[in-house]
Amino acid sequence: MIELGWAKTTMPVGQLLVRSGLAGALLGVATTLAFAATAQTGIPLVGALIFPVGFAMIVVLGLDLVTGSFALLPMAVMAGRATVRQMLVNWVLTFVGNFIGALILAVLMYVALTSAGHDAGGPIGDKIRAAVAARSAGYAAIGMDGLITVFVKAMLCNWLVCLGVTMAIAAPTVAGKVIGCWLPILTFFGQGFEHTVVNMSLFPLGLMMGAKATVGEYLLSNEIPVTIGNLVGGFLFTGLALFLAYQNREARVAPMPEARPVLS
C-alpha cells in the first residue's frame, strides 16, 4: 500500500487526469445501474448487490479514485516515500479528474434517460430525484445535525471503500480482486453511506432531471462535507490504522522498488 501510494505521486499529470476521469465515469455508470435495479425490483438491496461492478472495473483497470488516495497517500508520506505537497497535489488533481469524468457521464445519462429532455426518466428518474433531494435539501433542512449526519456517513463509507481497495491489493488474481472489493462496497452502498465520487455524477444528474434541490444545497450540504468525511474516514480507519498495525521499520527505510500497476 505504501508503494502504491508513492507510485500515485509520481504519475504524470495527464495520465492521472485520464485515469481519474475514467474512474469517475465508471462509478457514475454503476450508480445509475444500481438505481435502475432498485426501480425495477422495488428492493434497494438488489441495487447494492449490483453497484460494486463499477469499483471492480476501476480496481482491475488500475484507475484512480480520490477516496482510495485518501488512505494510500498518507501511508506513503508517513513512511517517508512521498511529501505532503505531493500528496495534496495528487488529491486535487484526482478530485478534479473524478469530477470531470462524473459530470460528463451525468450529461450523457441525462440524454439517455430522458430522451434528451423529452420525458422525466420514468421510475429510474423518480428514484434519482428523490435521492438527490433527500441527501442535499433534506440534510440542509435539519441544519447542523444534517452536516453531522452526512459527515459520519462519509467517514463510514470511505472506511469500507478503502478496505475494499486493501482487500483487492491483497488478492493475487483478478477474480480475487473483484470479490475482495465487492464485499465492503456492497456494505457501504446498501446502508446509504455517502461517497464523494458517486455523488459527483448522481447529484448533477438529479439536478438536471428536476430534483427539488439547488446547486448550493448539493455543494454545501453534501459534496463538501462528504469529501471531508471521506478523507477523515479513509485516513484514520484504513491508512493510519493499517500503517500502525503493520508498520515495519526495515521496510520503511528500504529503497523504493519499481512501481507496480496502481490500484485506486
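## A nonpolar patch on the surface

In this predicted model, V13, L17, V92, V96, I100, I104 and L108 make a nonpolar surface patch of about 600 Å². Patch members have over 30% relative accessible area and no salt bridge; nonpolar side chains (Val, Leu, Ile, Met, Phe, Trp, Tyr) are joined within 5 Å, while like charges are joined within 9 Å. Areas are Shrake-Rupley values with a 1.4 Å probe, and for residues only the protein chains shown count as cover.

Two elements give two or more residues here: α2 (13-41) and α6 (84-114). The largest share, 5 residues, comes from α6. On the α2 side sits V13, which is partly exposed at 46% relative accessible area. (Buried is under 20%, exposed over 50%, partly exposed in between, with a 1.4 Å probe and protein chains only. Helices are DSSP runs of H or I, at least four residues, and strands are runs of E, at least two, numbered from the N terminus.)

## Ground rules

Residue numbers start from 1 along each chain as its sequence is written. Local features need pLDDT of at least 70 and side-chain atom pairs count only at pLDDT 80 or more, though totals for chains, interfaces and linings use all residues, and side-chain values use heavy atoms, leaving out hydrogens and water.

## The nonpolar cores

Turning inward, the largest nonpolar core has 27 residues, and L27, F51, F55, L65 and F188 have the most contacts inside it. A core here is a set of buried Ala, Val, Leu, Ile, Met, Phe, Trp, Tyr and Cys residues joined through side-chain atoms within 4.5 Å. Plenty of helices chip in: those giving two or more residues are α2, α4 (53-61), α5 (66-78), α6, α9 (144-170), α10 (174-190) and α11 (196-208). Another core, of 16 residues, lies apart from it, with A106, M109, I128 and F203 among its members.

Back in the largest core, what does L27 touch? Leaving aside neighbours within four places in sequence, L27 is in contact (heavy atoms within 4.5 Å) with F51, F55, I58, L65, H195, V197 and V198.

## Three salt bridges

The structure holds 3 salt bridges, each a side-chain nitrogen of Lys or Arg within 4 Å of a carboxyl oxygen of Asp or Glu. In one of them, D64 and K8 meet at 2.4 Å, N to O. D64 lies in the loop between α4 and α5 and K8 in helix α1 (residues 2-9), so the pair ties together parts that are 56 residues apart in sequence. D64 is buried at 0% relative accessibility, and K8 is buried at 1%.

R129 and D126 pair up at 2.7 Å, N to O. Both are in helix α7 (residues 122-134), 3 residues apart, about one turn of the helix. R129 counts as buried at 15%, whereas D126 is partly exposed at 46%.

That leaves E194 and R135, at 3.0 Å, N to O. E194 is in the loop between α10 and α11 and R135 in the loop between α7 and α8 (137-141), so this pair ties together parts that are 59 residues apart in sequence. Both residues are buried.

## N230 and its neighbours

E194 turns up again next to N230, a residue of helix α12 (residues 215-246). Is N230 buried or exposed? Buried, at 0% relative accessible area. The N230 side chain reaches the backbone oxygen of E194 at 3.1 Å. Not counting residues up to four places away in sequence, N230 also touches T67, F70, A154, M155, C157, N158, H195 and T196.

Note on methods. Polar contact = N/O pair within 3.5 Å; in protein donor to acceptor, adjacent residues only side chain to side chain.
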